[in-house]
Amino acid sequence: MKLLLVEDDPTMQTTLQRTLGRRRIDVRVCGDGALALAQWRAIEPDVVALDLSLPNLDGLQVLAQARAAGLRTPVLLLTARGTVGDRIVGLNAGADDYLPKPFDLDELEARIRALRRRHQPIDGEPPPGPKDVGGLRYAVDSGAIYHRADVLDLTPRELALLKALMTKPGHAVSKERLFELVFPGETDVQYEAVEVVVYRLRKKLAGTGASLMTLRGLGYLLREDAA
């Protein structure tokens with residue numbers, strides 16, 4: 001697989017090229033935000049790992065321009081900024097996952113591979129995108145989920161879980177599958193952690209016209225409330 005690493009730290013570039021290269025990931029690097037978009041188009045990577053702090057153009061600006069230009073490559077944000085607000089801004093700008101620095105190289109690899117699997121076409125068809133459910137609307141251009149005109153204030157894990165359920169409204173998604181999407185590469189987290197995310201998300205969906213249901217033995221589903 002091919003990874004575009006947009007990172008201005010030469011040591012980080014060299015380390016990730018060598019380490020991930022030994023794990024059969026072809027890492028191409030770009031250290032300048034202003035040049036990232038052109039390199040993104042030229043390389044056509046499977047995944048982009050994007051640092052937020054870049055010279056000339058920061059990572060959020062690069063991401064916004066890429067999504068506006070129709071580049072749908074999955075993006076993993078790499079940043080030392082660790083607050084929930086920063087994560088929400090990045091994910092609402094169109095990122096697919098978020099990994100704060102410093103990070104474990106095994107977790108980085110796991111998240112990169114999980115993003116590629118999630119976006120890998122099946123039988124030549126593009127992966128299904130989330131569908132509108134009740135009063136919830138998925139904005140393809142930004143990756144945000146709206147209730148009427150307002151962006152839902154969701155944590156990255158809540159957003160990942162809700163997108164997974166909106167992809168198959170009315171159909172159960174197993175706890176195991178949701179765990180892969182919500183906690184990619186986090187081997188020290190137990191499956192029960194999904195229940196905590198479900199509990200918090202269910203409260204945030206109150207009054208949106210959509211309900212998150214538990215189907216014992218099957219998983220969870222999102223359905224439109226009856227009128």
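How many helices and strands does the chain have? I looked that up before anything else: the chain has eight helices and 10 strands, with helices (H or I, at least four residues) and strands (E, at least two) taken as DSSP runs numbered from the N terminus. The radius of gyration comes out at 18 Å, close to the 17 Å of the globule rule for 227 residues, so the chain is as compact as a globular protein of that length. For my own reference, that radius is taken over C-alpha atoms, and the rule is 2.2 Å times the number of residues to the power 0.38.

A note on the source: this is a predicted model, where local features need pLDDT of at least 70, side-chain atom pairs count only at pLDDT 80 or more, and totals for chains, interfaces and linings use all residues. Residues are numbered from 1 along each chain as its sequence is written, and side-chain values use heavy atoms, with hydrogens and water left out.

**Whole chain.** I checked the extent next: the C-alpha trace spans about 55 × 40 × 35 Å along its principal axes. Buried residues make up 45% of the 227; buried means under 20% relative accessible area, exposed over 50%, and partly exposed in between (1.4 Å probe, protein chains only). Of the contacts with a separation of 6 or more, 59% join residues 24 or more positions apart, a contact being heavy atoms within 4.5 Å. I get about 11500 Å² of exposed area, with carbon and sulfur atoms supplying 50% of it; the areas come from the Shrake-Rupley method with a 1.4 Å probe, and for residues only the protein chains shown count as cover.

**Asp51.** I went to the UniProt record, an unreviewed entry, and found Asp51 listed for "modified residue: 4-aspartylphosphate". Such annotations may be inferred rather than shown by experiment; positions are in the numbering used here, and feature names are shortened. In the model Asp51 lies in strand 3 (residues 47-51). Buried or exposed? Asp51 counts as buried, because its relative accessibility is 4%. Leaving out residues up to four places away in sequence, I see Asp51 touching Val6, Glu7, Asp8, Gly59, Leu78, Thr79 and Lys101.

**Lys101 to Pro102.** One of those partners, Lys101, starts a cis peptide bond to Pro102, with omega near -5°. Pro102 lies in the loop between strand 5 (97-100) and helix 5. I jotted down the background: most peptide bonds are trans, and most residues other than glycine have a negative phi.

**Positive phi.** Which residues did I note here? Arg24 has a positive phi of about 65° although it is not a glycine. I place Arg24 in the loop between helix 1 (10-21) and strand 2 (26-30), and Arg24 is exposed because its relative accessible area is 74%. Glu44 also has a positive phi, near 55°. Glu44 sits in the loop between helix 2 (33-43) and strand 3, and with a relative accessible area of 63% Glu44 is exposed.

**Glu109.** I then followed helix 5 (residues 105-119), where Glu109 lies. Glu109 is buried, since its relative accessible area is 16%. Beyond residues up to four places away in sequence, Glu109 touches Leu20, Arg23 and Ile25.

**Asp58.** Last look: Asp58 is in the loop between strand 3 and helix 3 (59-68). Asp58 counts as partly exposed because its relative accessibility is 28%. I took the C-alpha to C-alpha distance to Val182, 124 residues away in sequence, and got 26 Å.
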